[in-house]
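Trainee: I have a new structure to read and would like some help. Could we go through it feature by feature?

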Amino acid sequence: MPAVLPPAKVLVTGASGFIGAWVAKVLLERGFTVIGTDPKGEYLKALFQQHENRFSYVIVPDVGKNGAFDEAVVGIDAVVHVASPVSLPAGDPQGEAKRLWSNSQSVTPTSSEIIEPAVNGTLSILDGVKTHGTSVRRIVITSSKASIMNDKPQTGWPTFDEVCLL
């Protein structure tokens, strides 16, 4: 598999999330051109204003829809797929068991709230690359902001968000 070097165009899905924003930031700092996908395009433009000549965004309102990324992957050299819908609080991600929270709130997520959207989003980006991303040479599939979330924060614990990028 050939290396993808700057100033290659990299599509970063979920670029307004915690991990996606850091991925985009590092790529921009290393000289790549980044196209971010998310429903918060103007937010991303402001976040990466110092790289405005190498950063742009594409609105993808529903990553789990078939064809969601078809237009976004055209002319792209690499894809970093971070976007994944997150439904919190969540008990069993397959939706088969109830989880009792300390505040006595029972939650019964369904697989259609967590697993299916994540799988469909990944399949959507892969299918988009297969059918429309003829120039894509590398795909990275990684995590989302859910990997650092804490459903029971304690007093004094740090807050993680995109503000630390500024």
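Mentor: We will go from the overall layout to the sheet, the helices and a few local details.

Mentor: This is a predicted model, in which local features need pLDDT of at least 70, side-chain atom pairs count only at pLDDT 80 or more, and totals for chains, interfaces and linings use all residues. Residues are numbered from 1 along each chain as its sequence is written, and side-chain values use heavy atoms, with hydrogens and water left out.

Trainee: How many helices and strands does the protein chain have?

Mentor: Helices (H or I, at least four residues) and strands (E, at least two) are DSSP runs, numbered from the N terminus. Here the protein chain has 3 helices and 7 strands, and along the sequence they follow the pattern β-α-β-α-β-β-β-β-α-β.

Trainee: What share of the residues in the protein chain is buried?

Mentor: Buried means under 20% relative accessible area, exposed over 50%, and partly exposed in between (1.4 Å probe, protein chains only). Buried residues are 38% of the 166 residues in the protein chain. As for contacts (heavy atoms within 4.5 Å), of those with a separation of 6 or more, 62% join residues 24 or more positions apart.

Trainee: Now the sheet. What is the order of its strands?

Mentor: Two strands pair if DSSP finds at least two bridges between them. In this structure 5 strands form an open sheet in the order S3-S2-S1-S4-S7, with parallel pairing. Strand S3 (55–58) and S7 stand at the edges with a single partner strand each, so one side of each has no neighbour in the sheet. From one strand to the next, the twist averages 20 degrees; axes are lines fitted to C-alpha atoms, for helices over the stretch in contact, and angles run from 0 to 180 degrees between N-to-C directions.

Trainee: Which residues stand opposite each other?

Mentor: Strand S2 (residues 33–37) pairs with S3 in the parallel sense over 4 bridges, and Thr37 stands opposite Val58 in S3. S1 and S4 run parallel, joined by 4 bridges, and Thr13 has His81 in S4 as its bridge partner. S4 and S7 also run parallel, with 4 bridges, and here His81 stands opposite Ile141 in S7.

Trainee: Which residues of S4 are buried on each side?

Mentor: In a regular strand the side chains alternate between the two faces of the sheet. In S4, Ala78 and Val80 are buried on one side, and Val79 and His81 are buried on the other, so to speak a strand covered on both faces.Trainee: On to the helices. What does H3 lie across?

Mentor: H3 lies across S1, S4 and S7, running at about 175 degrees to S4. The expected span of a helix is 1.5 Å times one less than its number of residues. For the 18 residues of helix H3 (residues 115–132) that gives 26 Å, and the end C-alpha atoms are 25 Å apart, which agrees.

Trainee: Which residues of H3 are buried?

Mentor: They are Pro117, Gly121, Ser124, Ile125, Gly128 and Val129. Seen down the axis of H3, these buried residues fall within an arc of 125 degrees, so they line one face of the helix; the arc is that of the directions from the helix axis to the C-beta atoms. Their cover includes strand S1 (9–13), strand S4 (78–81) and strand S7 (138–141). The face turned away from the buried side carries the exposed residues Leu123 and Lys130.

Trainee: And what do the buried residues of H1 pack against?

Mentor: They pack against S1, S2, helix H2 (41–47), S3 and S4. The buried residues of H1 include Phe18, Ala21, Ala24 and Leu28. The 12 residues of H1 should span 16 Å at 1.5 Å a residue, and its end C-alpha atoms are 17 Å apart, which agrees.

Trainee: How do I read a pair of aromatic rings?

Mentor: A pair of aromatic rings is described by the distance of the centres and the angle of the planes. Rings of Phe, Tyr and Trp (its six-membered ring) pair if their centres lie within 6.5 Å; planes under 30 degrees apart count as stacked, over 60 as edge-to-face and the rest as tilted. By this rule there is 1 aromatic pair. The rings of Phe48 and Phe55 have centres 4.9 Å apart and planes at 50 degrees, so the pair is tilted. Both Phe48 and Phe55 are buried.

Trainee: What should I look for in the backbone?

Mentor: Most residues other than glycine have a negative phi, and most peptide bonds are trans. Here the peptide bond from Pro6 to Pro7 is cis, with omega near 10 degrees, and Pro7 is in the segment before S1. Gly31, just after H1, takes a positive phi of about 95 degrees.

Trainee: Is Pro61 buried or exposed?

Mentor: Pro61 is exposed, with a relative accessible area of 72%, and lies in the loop between S3 and S4. Pro61 and Asp38 are 23 residues apart in sequence and 6.8 Å apart in space, C-alpha to C-alpha.
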